[in-house]
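Student: I should like a close look at one part of this model, its interior side-chain packing. Please set out which residues are involved, and then how the neighbouring contacts and charged pairs relate to that part.

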Amino acid sequence: MSAATTTRAGAIVPRALLALLASASIARAADGGVDGGAPLSPPAVGAAAPVSPPVYGSADVSVFVSGACGSDRCLAIWNGYNYPYAMMIDSDGSPLRRAALALDGLAWQQAVAFVGGDFVVATSSGSDITLVRVAPDGSAAATNTVTLGTAITGVAVAWNGTHLLVAYQDPVGSDNATYTVRFDANTLSSLEAPRQLAMHSGACYVVANGSEFVVFAGQSPLQAWAMADSGQPRAGPVSMPTELSVSLQGVSANGTVVLLSGQGNLFRLASDLSVSASNYAGSGSSGGLGWNGTSLLVAQGGS
């Protein structure tokens, strides 16, 4: 097996990233130069200084590890104890910068999308969602913060080749609602007012499938919607298998959506979002799912 496998549109997923996605252990990145540039000779150690995001520095992995890949590199995103962090890595799983990029807010389960060259990271803080476009060298190329709610949680982002779709949850009374908003991938500006899909509790997740998006939200049962590029729902809500209500990973494979549950069950969805095939991939405490244009790769971790 090679050191990397390809996802959608020729994207390469290093096995190291899949292992990171399947892990919830504590890790520490090596501290490096203040600009987070390419590896150089060890810098002189100076006095500590306060920083404000986005900056570069050492980071602990706390919760919600995710990633997305391009043709020759991937961007890994995770929450530390103070900030969410981003690190660009090559196809062998080696970091491309000396230190992680610290962002603002909180990253969730699905915080980054590859947009055909750059990557876009979505984080939330209170009523705001911040999008940061990260260049292939790992630098922050652009950023935009939009007020979309009151106490936003569970942000997910995906790119269908034309637009970004951001899904998130926000309180409505004593309950939560899931909303979607399309964004321009270049300017990072919102293209519409938030669209409410449903009232429920639970997380949300998005898979780009051709020109469409498939949005998953809710809990027991998890619900799914197929969204056209216009942002209008084409199908749904459709109830998903109960195994997917706890956690899921998803990919677009040969024009269909394939999902991996936290219990190790694989499900392929038809165009109407019904389950067209299923299989058991093996048990694990968490998992990562990749597609290389030919085969699926499941990475799982456990104690």
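Tutor: The account below begins with the nonpolar packing, and then turns to the aromatic pairs, a polar contact, a loop and the charged pairs.

The model is a predicted one. Its largest nonpolar core has 22 residues, and within that core Leu 164 and Tyr 168 touch the most other members. The elements giving two or more residues to this core are β9 (119-125), β10, β12 (153-159), β13 and β14. Strand β14 supplies the largest share, four residues. A second core lies apart from this one; it has 16 residues, including Val 207, Ala 224, Val 257 and Leu 269.

Tyr 168 merits a detailed description. When residues up to four places away in sequence are not counted, Tyr 168 touches Ile 129, Leu 148, Ile 152, Thr 153, Gly 154 and Val 155, among others. Its list of contacts also includes Ala 177, Thr 178, Tyr 179, Val 181, Pro 194 and Cys 204.

The contact with Tyr 179 leads to the aromatic pairs. Five such pairs are found when the whole structure is searched. In one of them, Phe 64 and Trp 108 have ring centres 5.4 Å apart and planes at 45 degrees, so the pair is tilted. Because Phe 64 lies in strand β4 (residues 63-69) and Trp 108 in the loop between β7 (100-102) and β8 (112-114), this pair ties together parts that are 44 residues apart in sequence. Phe 64, with a relative accessibility of 33%, counts as partly exposed, whereas Trp 108, at 14%, counts as buried.

The pair formed by Tyr 168 and Tyr 179 has another geometry. Here the ring centres are 5.5 Å apart and the planes are at 20 degrees, so the pair is stacked. Tyr 168 belongs to strand β13 (residues 163-172) and Tyr 179 to strand β14 (residues 175-184), so the pair ties together parts eleven residues apart in sequence. Both of these tyrosines are buried. Elsewhere, Trp 78, Tyr 83 and Tyr 85 form one aromatic cluster.

Strand β10, one of the elements that contribute to the largest core, also carries a polar contact. Thr 130 is placed in this strand, which covers residues 128-134. The relative accessibility of Thr 130 is 11%, so it counts as buried, the cut-off being under 20%. The side chain of Thr 130 makes a polar contact with the side chain of Thr 145, at 2.8 Å. Leaving aside neighbours within four places in sequence, the residues in contact with Thr 130 are Val 121, Ala 122, Thr 123, Thr 143, Asn 144 and Thr 145.

Thr 123 appears again in connection with a loop residue. Gly 105 lies in the loop between β7 and β8, which is also where Trp 108 is found. The C-alpha atoms of Gly 105 and Thr 123 are separated by 5.7 Å, although the two residues are 18 apart along the chain. With neighbours within four places in sequence left aside, Gly 105 is in contact with Pro 84, Ser 124 and Ser 125. Gly 105 has a relative accessible area of 23% and is partly exposed.

The charged pairs remain. Side chains of opposite charge can pair when their charged atoms come close. The whole structure contains four salt bridges according to the search. One of them joins Arg 73 and Asp 72, with the closest N and O atoms 3.1 Å apart. Arg 73, at 22% relative accessibility, counts as partly exposed; Asp 72, with a relative accessible area of 40%, is partly exposed.

Another salt bridge involves strand β10. Arg 133 pairs with Asp 118, the closest N and O atoms being 3.1 Å apart. Arg 133 is in strand β10 and Asp 118 in the loop between β8 and β9, so that distant parts of the chain, 15 residues apart, are linked. Arg 133 counts as buried at 17% relative accessibility.

A further salt bridge is formed between the side chains of Glu 212 and Arg 234, at 2.6 Å from N to O. This pair likewise links distant parts of the chain: Glu 212 is in strand β17 (residues 212-217) and Arg 234 in strand β19 (residues 233-239), 22 residues apart. Glu 212 counts as buried at 18% relative accessibility, whereas Arg 234 counts as partly exposed at 44%.

Notes:
Residues numbered from 1 in each chain as written. Predicted model: local features only at pLDDT ≥ 70, side-chain atom pairs only at ≥ 80, totals over all residues. Heavy atoms only, no water. Buried < 20%, exposed > 50% of the residue type's maximum accessible area, 1.4 Å probe, protein only. Polar contact = N/O pair within 3.5 Å; in protein donor to acceptor, adjacent residues only side chain to side chain. Contact = heavy atoms within 4.5 Å. Phe/Tyr/Trp six-rings, centres within 6.5 Å; stacked < 30°, edge-to-face > 60°. Core = buried A, V, L, I, M, F, W, Y, C linked by side-chain atoms within 4.5 Å.
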